[in-house]
Amino acid sequence: MSIVGARPNFMKVAPFARALRGYAVEHVLVHTGQHYDHDMSKAFFDELELAEPDVNLGVGSGSYAYQVGQTMIEFEKVLVSYKPDWVVVVGDVNATAACSIIARRHQARVAHIEAGLRSNDWEMPEEINRVVTDRVSNLFFTTDSSADENLLREGVNPEAICRVGNIMIDTMAYERERAARLDPIDFIARNLVAARPVAFASGGYLLLTMHRPSNVDDPGTLAELVGVLLELAETAPLIFPIHPRTKLRLEEFDLWDRFVGHPRVLPLKPLTYREMLRLTLEARVVLTDSGGLQEETAVLGVPCLTLRWNTERPVTLIENGGTSQLVGNNPTRIRDAFQMALTQRRTPAPPALWDGHTAERIVKRILR
Ligand code: UD1
């Protein structure tokens, strides 16, 4: 049984489901329903050829306690009814922690894909989810050596740690050619949320995603970010697919018109995986607080400013051979790093085993 709940899970479970197809194994896919909009969920199932979930828990939005609690209550019923041998969870969203606790409680074995990542930032709900999930997991699939070291430091049995590479890069490898064939003018025009002439020049735009509570939930912080991002947009137009949380906050803090109404900003609905990859491939600089984009830009060699003060993915940083700089939400730091990013060499730097074959390694290990 594998679990998805929020957008970043879909591209991690799609290759796992595909890799399982060659084996005589029954696979039950459970969607907790944390993300429920078409743009945030169904569009990904269609594009990534992921089968409809067998079960949808219909949890929806709410506080951390509501989402985790409701997921546990609903998931327990499903688990007891299906009695899976293994529950496979991915990443660090609320579904990951909630379902792994219940699985362990009912003696199913838990495999965590993307285990061992640590930001050591306990203000992030994702850090709580990572630590809790790893505490109750039986098998740990890791992306790089720093994750192995974190787990060993926390007392995990070395034999249960299995370095397999990055499953999200399986999806990138699988989708890359199809993404490259998309016409950006076409999907940008279709997804615009404010009337704007559509210009697209390869290598001539900045690409922004931003949704972390630490960046968007405080009006002062968000206003400062908007100010500096508009300055950067003078260098190159800023393409901005807007996460629902960020849309709500921009409206609530009266920043929508100033940012989204600016002629140098191309504000878009949330894009599909393939559309986003198309834009990432040729962005001059990516600015993001997403975990996945830090990894994708590292593999592609695209300069990335990570709008966070820390990262659970140190392998993506320039000093470790990646392409990203940590800039937090400090305007001076963002301006300085941006200048550096403009001159950065575009050197693809995939870490070991980020080769498109991670899911096969995972399936073989679970079956063994
Ligand atoms: C969640 C994950 C985060 C991940 C992100 C990717 C946790 C703790 N966080 O954060 O790790 O990077 O997903 O997107 O699990 N909303 C909609 N439509 C939807 C989904 C959400 O309008 O389909 C709205 C909700 O009503 C809510 C806001 O967006 O107001 C935030 O959603 P929520 O599920 O709380 O967390 P994310 O910020 O998306």
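How far is an oxygen atom of the ligand from an N or O atom in the side chain of His211? Select His211 together with the ligand, and the separation between these two atoms is 2.9 Å, which counts as a polar contact, defined as a pair of N or O atoms within 3.5 Å (within protein, one must be able to donate a hydrogen and the other to accept it, and residues adjacent in sequence count only if both atoms are side-chain atoms).

Before going further, note that this is a predicted model, in which local features need pLDDT of at least 70 and side-chain atom pairs count only at pLDDT 80 or more, while totals for chains, interfaces and linings use all residues. Residues are numbered from 1 along each chain as its sequence is written, and side-chain values use heavy atoms, with hydrogens and water left out.

**The ligand and its shell**

Keep the ligand selected and add His35, where a polar side-chain atom lies 2.8 Å from an oxygen atom of the ligand, and then Gln67, where a polar side-chain atom lies 3.4 Å from an oxygen atom of the ligand. Taken alone, the ligand exposes 750 Å², of which the protein buries 87%; accessible areas come from the Shrake-Rupley method with a 1.4 Å probe, and for residues only the protein chains shown count as cover.

Now select the whole shell, which holds 20 residues, the closest being His35, Asp37, Ser61, Glu126 and Arg245; a residue belongs here if one of its heavy atoms lies within 4 Å of the molecule. Coloured by type, the shell divides into eight nonpolar, seven polar and five charged residues, where Ala, Val, Leu, Ile, Met, Phe, Trp, Tyr, Cys and Pro count as nonpolar, Asp, Glu, Lys and Arg as charged, and the others, Gly among them, as polar.

Two helices, H5 (125–136) and H11 (244–252), are the elements that give two or more residues to this shell, and H11 gives the most, with three residues. Helices (H or I, at least four residues) and strands (E, at least two) are DSSP runs, numbered from the N terminus. Colour domain 1 (2–166 + 353–367) and domain 2 (175–342) separately: both give residues to the shell, so the ligand lies between them, with the bounds coming from an automatic or database domain assignment.

**The whole chain**

Zoom out to the protein chain, which has 16 helices and 13 strands, and whose C-alpha atoms fill a box of roughly 55 × 40 × 40 Å along the principal axes. Of its 368 residues, 60% count as buried, where buried means under 20% relative accessible area, exposed over 50%, and partly exposed in between (1.4 Å probe, protein chains only).

**Two helix residues**

Select Asn191 in helix H8 (residues 184–191), which counts as buried at 9% relative accessibility and whose side chain reaches the backbone oxygen of Phe187 at 2.8 Å. Move next to Phe75 in helix H3 (residues 64–82), which is buried at 0% relative accessibility.

**Two loop residues with positive phi**

Most residues other than glycine have a negative phi. Select Asp254, in the loop between H11 and helix H12 (256–260), where phi is near 60°, a positive value in a residue other than glycine, and where 71% relative accessibility makes the residue exposed. Finish at Leu353, in the loop between helix H15 (331–343) and helix H16 (358–367), which has a positive phi of about 70° although it is not a glycine, and which counts as partly exposed at 32% relative accessibility.
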